[in-house]
Amino acid sequence: RKKTKILFPTPHYVVAGFYNPFSGRGTVPVFLKMKKMEADMTILDEKMAKELLNIGRNHVVIPDFVTEIGENAFEDCEELTSVVIPNSVRKIGKSAFRWCNHLISVVIPNSVEKIEYGAFINCAQLKSVIIPDSVTEIGENVFHCCFELISITVDKNNPRYDSRGDC
């Protein structure tokens, strides 16, 4: 019986999904190389975003070790319709989802503290957003040119923002 040698990646690689190259013959882990900025901060950049899209096509589940969605990470990802942002994310960077024309709704987890300038700018089909009480800083033009946006719900316990009276 032939033994298979398995090499585990170094710590800056993670399993981001599984790919089945041959129908019915199991799955192969897909490893992504992460960009470490600080010991406790892992930023999702444009390259990783594209790789996640290759795995999930129009639906992306961001891995739970990501603490920041970087600047322009998903910019121009027109095929993206939905994204799951984990509770580990603290910041959504500048223009992170800019021009994601088919993105319909976003639920921002209670870990996010900051949403930077234009994070969802030109998301033409974005219809609803839920902002938790943890968000204490929202940059300018975050939802600029989101023409289909009909609902922004801010958690009632948010100390800085509210959505009373549909304001």
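How exposed is K91, in terms of relative accessibility? In this predicted model, K91 has 22% relative accessibility and counts as partly exposed, because the buried class ends under 20%. The partner of K91 falls on the other side of that cut-off: E68, at 10% relative accessibility, counts as buried. The side chains of these two residues meet in a salt bridge, with 3.5 Å from N to O. E68 belongs to strand β6 (residues 68-69) and K91 to strand β8 (residues 91-92), so the contact ties together parts of the chain that are 23 residues apart in sequence.

The salt bridge between E68 and K91 is part of a wider picture. Searching the whole structure gives 6 salt bridges, and a network of them links E68, K91, K114, E116 and E137. Within this network, the side chains of K114 and E137 meet at 3.8 Å, N to O. Here K114 sits in strand β10 (residues 114-115) and E137 in strand β12 (residues 137-138), so this pair, too, joins parts that are 23 residues apart in sequence. K114 is partly exposed at 26% relative accessibility, and E137 is partly exposed at 40%.

Another salt bridge connects two loops. The side chains of E148 and K127 come together at 3.9 Å, N to O. E148 is in the loop between β12 and β13, while K127 is in the loop between β10 and β11, so the pair ties together parts that are 21 residues apart in sequence. E148 has 40% relative accessibility and counts as partly exposed; K127 is also partly exposed, with a relative accessible area of 33%.

Attention now turns to the strands. Strand β11 (residues 128-131) pairs with strand β13 (residues 151-154) in the parallel sense, over 4 bridges, and I131 stands opposite V154 in β13. Strand β9 (residues 105-107) also runs parallel to β11, and 3 bridges join the two; S105 has S128 of β11 as its bridge partner. In a regular strand, side chains alternate between the two faces of the sheet. For β11, V129 and I131 make up the covered face, whereas S128 and I130 make up the uncovered one.

What lies in the interior? In soluble globular proteins, nonpolar side chains tend to be buried together. The largest nonpolar core of this model holds 36 residues, of which I69, F74, I92, F97, L103 and F120 touch the most other members. Both α1 (46-56) and β11 supply at least two residues of this core, and α1 gives the most, with 4 residues. The surroundings of F74 give a good view of this packing: leaving aside residues up to four places away in sequence, F74 touches L44, A49, L53, V60, I62, I69, L80, A96, F97, R98 and C100.

Aromatic rings deserve a closer look as well. The whole structure contains 3 aromatic pairs. One of them is formed by F74 and F97, which are stacked at 5.1 Å centre to centre with 5 degrees between the planes. This pair links distant parts of the chain, with F74 in the loop between β6 and β7 and F97 in the loop between β8 and β9, 23 residues apart. F74 is buried at 0% relative accessibility, and F97 is buried with a relative accessible area of 0%. The rings of F120 and F143 have centres 5.6 Å apart and planes at 10 degrees, so they too are stacked. F120 lies in the loop between β10 and β11 and F143 in the loop between β12 and β13, 23 residues apart. F120 is buried, with a relative accessible area of 0%, and F143 is buried at 18%. Ring pairs link F74, F97, F120 and F143 into a cluster.

Two further loop residues complete the survey. Y117, in the loop between β10 and β11, is partly exposed at 36% relative accessibility. Not counting residues up to four places away in sequence, Y117 touches K94, S95, G139, E140 and N141, and the side chains of Y117 and N141 make a polar contact at 3.5 Å. N72, in the loop between β6 and β7 (82-84), is instead buried, with a relative accessible area of 19%. Beyond residues up to four places away in sequence, N72 touches E46, K94, S95 and A96.

Technical notes: Residues numbered from 1 in each chain as written. Predicted model: local features only at pLDDT ≥ 70, side-chain atom pairs only at ≥ 80, totals over all residues. Heavy atoms only, no water. Buried < 20%, exposed > 50% of the residue type's maximum accessible area, 1.4 Å probe, protein only. Pairing = 2+ DSSP bridges. Salt bridge = Lys/Arg side-chain N within 4 Å of Asp/Glu carboxyl O. Contact = heavy atoms within 4.5 Å. Core = buried A, V, L, I, M, F, W, Y, C linked by side-chain atoms within 4.5 Å. Polar contact = N/O pair within 3.5 Å; in protein donor to acceptor, adjacent residues only side chain to side chain. Phe/Tyr/Trp six-rings, centres within 6.5 Å; stacked < 30°, edge-to-face > 60°.
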